[in-house]
Amino acid sequence: MDTRTIHYRAASAGYWLRYEGDVEPFPGTDSIDHLRGTASPIGGTLLEVLGGVRPAEARELAGGGRSYRADFPLAEALELFPYDLRQEFVPAPLNAGAPGAPVPVAVEVDREGRITRASADLTSLLDKGKDGALTGVTGLRAELALSGFGAPEPPLDTVPGGRVLAGASAVVTLYGARPGDCLDFNTGMRHRRLVVRVPCAGPHDGAIVEQHSLPGTFPGTEEAAERARRACAAAGERGAGGTPWRTWSTEEEWTEHGEGRATCYTVSRAAATPPVRTASASS
């Protein structure tokens, strides 16, 4: 990858997605920003934030390695999570140096300086006064263990071989997809309401069966979910195979468009992870 053009391919996909320049599927949000750079791990692991660790204490380990007690800024801890989930935590500081409880972390390295284990206490991210998806959660930890190291891989070509889709046109929000569209759910953008439109003739994670308008103002999360359930009740019988699922507009989408939308779709790949704010036909 380079700093302005990123090629991304999910393990289940037979194509690359090309992202160029600023990518803002939602206003003011460049969801691919976590991939920018020359080389970095991806996927929301502790490896992505250890560059900001501030060592405080070190000790020798048997076998020649070392153990470090340290911390890193709250702002960097939030980068571990997809954009949708960050709103459930305490407000992010304006920058990494802004006030905020530091996140404690323990890191172990082997005799060659390679990270073998890391553990972070993320409890300070929890917003105890907020009523949301994490209400009732009293503790949060992240653990990372590396069991081995393979041989270094040769550098990738700037432009990978094989099929390449332009992210600007292939990646859309669930609200923007339409009945008959076939979809993959992994865009690399760590925003789970984004999907890739792909040809129905090839492998795909799911397909949209129907969409229904939900008029009026946003009725609240529970009522919105119930209205989507009623709207999609029979869609599974009309789907072209796969497990019936449904999704509904967020409050922001509802307000922006003046109404909501229920999207009824099927999931055809067993290992596929459906987008957030969705429910299966059995729920």
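## Exercises on a predicted model

About 30 Å³ of space lies in the largest cavity of this structure, which is a predicted model. The exercises below begin with that cavity and then turn to the chain, its cores and four individual residues.

**Exercise 1. Find how many cavities of 30 Å³ or more the structure holds, and describe the lining of the largest cavity by residue class.**

Solution. The count comes to one cavity of 30 Å³ or more. The next step is to list the residues around the largest cavity, and these are Tyr8, Arg9, Ala10, Ala13, Tyr15, Leu17 and Asn186. Sorting that lining by class then gives five nonpolar residues, one polar residue and one charged residue. Since Arg counts as charged and Tyr, Ala and Leu count as nonpolar, the charged member of the lining is Arg9, and the polar one is Asn186.

**Exercise 2. Describe the protein chain as a whole: its secondary structure, its buried share and its exposed surface.**

Solution. Begin with the secondary structure, which comes to six helices and 15 strands. Turn next to burial, where 40% of the 283 residues in the protein chain are buried. The chain exposes about 15,300 Å², and carbon and sulfur atoms supply 52% of that area. Finally, consider the contacts between residues at least 6 apart in sequence, of which 61% join residues at least 24 apart.

**Exercise 3. Work out which elements supply the largest nonpolar core, and where leucine 125 makes its contacts.**

Solution. As background, nonpolar side chains in soluble globular proteins tend to be buried together. Here the largest nonpolar core has 24 residues, and those touching the most other members are Leu46, Phe72, Val103, Val105, Ala120, Leu122 and Leu125. At least two residues of this core come from each of strand 4 (66-72), helix 1 (74-78), strand 5 (103-109), strand 6 (115-121) and strand 7 (141-145). Strand 5 gives the largest share, with four residues. For leucine 125, once the neighbours within four places in sequence are left aside, the contacts are Leu74, Ala77, Leu78, Phe81, Phe89, Val90 and Val103. A second, separate core has 19 residues, including Ile6, Tyr19, Leu165 and Met189.

**Exercise 4. Decide whether alanine 166 and alanine 133 are buried, partly exposed or exposed, and place each of them in the chain.**

Solution. Alanine 166 lies in strand 8 (residues 164-166). Because its relative accessible area is 29%, alanine 166 is partly exposed. Its C-alpha atom is separated by 8.6 Å from that of tryptophan 16, although the two residues are 150 residues apart along the chain. Alanine 133, by contrast, sits in the loop between strand 6 and strand 7. With a relative accessible area of 60%, alanine 133 is exposed, and the cut-off that this step needs is over 50%. The C-alpha atoms of alanine 133 and phenylalanine 89 are separated by 9.8 Å, and these residues are 44 residues apart along the chain.

**Exercise 5. For threonine 273 and arginine 178, name the loop, the exposure and the contacts beyond four places in sequence.**

Solution. Threonine 273 has its place in the loop between strand 14 (260-267) and strand 15 (278-280). Its relative accessibility is 47%, so threonine 273 counts as partly exposed. Beyond the neighbours within four places in sequence, threonine 273 is in contact with Phe185 and Arg192. A separation of 8.3 Å lies between the C-alpha atoms of threonine 273 and asparagine 186, and asparagine 186 also belongs to the lining of the largest cavity. Arginine 178 is found in the loop between strand 9 (171-173) and strand 10 (182-184), and it is partly exposed at a relative accessible area of 39%. With neighbours within four places left aside, arginine 178 is in contact with Ile208, Gln211 and Arg261. The C-alpha atoms of arginine 178 and glutamate 210, which are 32 residues apart along the chain, are separated by 7.9 Å.

Terms used. Residues are numbered from 1 along each chain as its sequence is written. This is a predicted model: local features need pLDDT of at least 70, side-chain atom pairs count only at pLDDT 80 or more; totals for chains, interfaces and linings use all residues. Side-chain values use heavy atoms; hydrogens and water are left out. On a 1 Å grid over the protein atoms alone, a cavity is a set of points where a 1.4 Å probe fits but cannot get out, and a pocket is an open set with protein on both sides within 12 Å along at least five of seven lines; lining residues have an atom within 4 Å of a point. Grid points are joined across faces, edges and corners, and a volume is the space filled by probe spheres set on the points. Buried means under 20% relative accessible area, exposed over 50%, partly exposed in between (1.4 Å probe, protein chains only). Contact means heavy atoms within 4.5 Å. Accessible areas come from the Shrake-Rupley method with a 1.4 Å probe; for residues, only the protein chains shown count as cover. A nonpolar core is a set of buried Ala, Val, Leu, Ile, Met, Phe, Trp, Tyr and Cys residues joined through side-chain atoms within 4.5 Å.
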